[in-house]
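Trainee: I should like to learn how to read the interior of a protein model. May we go through one together?

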Amino acid sequence: MLTVTGEREILRDRRYIYHAYKVFVEDSKNERTHRIFTMSTVYDYTAAEWFLDVRKSCRNSHGKIVVGVWGEVAGDWYNNRACRHPASNDPYSYLYICTGSQCMIYHLPDPGYAPPRCFAEFFLDPNVVAVSVGVEALRERMALEQRIWMKNVVDLGTLAFEGLQRQDLDLGRYDLDQLAKAVLGKHMDVIRPGKDIKWFDKDTSSVWDTHYFKIFTPEKVAYATLDAYLCFLIGTQLYDMIKDRSTSKKDKKNRRNKNPMKKN
């Protein structure tokens with residue numbers, strides 16, 4: 001089973017303040033702890049620096065950058081929890097992005113404001129592949145609400161169908177936690193909190209923060225990070241499965257070509 005915890009510290013870059021967290025995902029079966037560095041920000045400049053680092057260090061063997069993405073609507077500030085009954089047209093307020101052990105939580109501007117340029121440039125990069133559950137709907141929402149177009153998206157349910165080749169499983173209907181167990185193993189059973197967690201650190205948030213940049217609690221950041229991180233893990237595992245299968249077929253074909261059967 002997986003348990004997740006988080007710690008926070010406030011850091012400054014050259015121009016703006018952001019909130020940095022260390023998120024620990026503990027795999028009790030394999031006695032391993034995955035440490036993820038998460039940054040929460042509302043500033044384009046800080047986000048642009050994060051994207052620059054990702055482009056430099058997170059490409060796979062094919063030169064691609066696989067990122068797990070997850071969107072979420074605004075939380076209930078007064079009750080300090082997730083919104084119980086969000087309207088279908090409520091815009092996304094947060095976008096969570098993860099690749100490797102790096103994650104960013106970005107507080108999106110209200111629809112109608114100028115789109116963050118660094119996001120538009122990153123997701124238009126043909127080498128960037130965004131993976132998630134229901135990612136087509138997320139892409140449409142980002143285009144409509146933020147004027148951000150995600151050029152390359154892959155739904156994890158569709159990818160799991162190709163990677164696992166399990167005709168007996170209705171993978172297209174699986175949620176994120178179900179896909180994690182199907183693809184990564186039964187030990188990847190996420191322990192979700194049994195009650196509402198507190199979203200906002202109201203003791204730390206200033207009046208300015210509450211209007212522009214609400215500070216998340218470490219627990220909220222931990223589970224937000226986990227969602228994007230699982231998307232990334234599932235996506236990379238499935239791509240590896242598909243690549244290994246393709247390589248195996250090519251090797252068999254090459255061996256046959258090198259040792260053709262002699263005709264009598």
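**Reading cores and rings**

Mentor: In this protein, 65% of the contacts (heavy atoms within 4.5 Å) with a separation of 6 or more join residues 24 or more positions apart. The model is predicted, so local features need pLDDT of at least 70 and side-chain atom pairs count only at pLDDT 80 or more, while totals for chains, interfaces and linings use all residues. Residues are numbered from 1 along each chain as its sequence is written, and side-chain values use heavy atoms, leaving out hydrogens and water.

Trainee: What percentage of the residues count as buried?

Mentor: Buried means under 20% relative accessible area (1.4 Å probe, protein chains only). Of the 264 residues, 43% meet this description.

Trainee: Which residues have the most contacts inside the largest nonpolar core?

Mentor: A nonpolar core is a set of buried Ala, Val, Leu, Ile, Met, Phe, Trp, Tyr and Cys residues joined through side-chain atoms within 4.5 Å. The largest has 45 residues, and Leu-184, Phe-216, Leu-230 and Ile-234 have the most contacts inside it.

Trainee: How is a pair of aromatic rings described?

Mentor: One gives the distance of the centres and the angle of the planes. Rings of Phe, Tyr and Trp (its six-membered ring) pair if their centres lie within 6.5 Å; planes under 30 degrees apart are stacked, over 60 edge-to-face, and the rest tilted. Here Trp-50 and Phe-51 form an edge-to-face pair, 5.6 Å centre to centre with 70° between the planes. Both Trp-50 and Phe-51 are buried.

Key: Buried means under 20% relative accessible area, exposed over 50%, partly exposed in between (1.4 Å probe, protein chains only).
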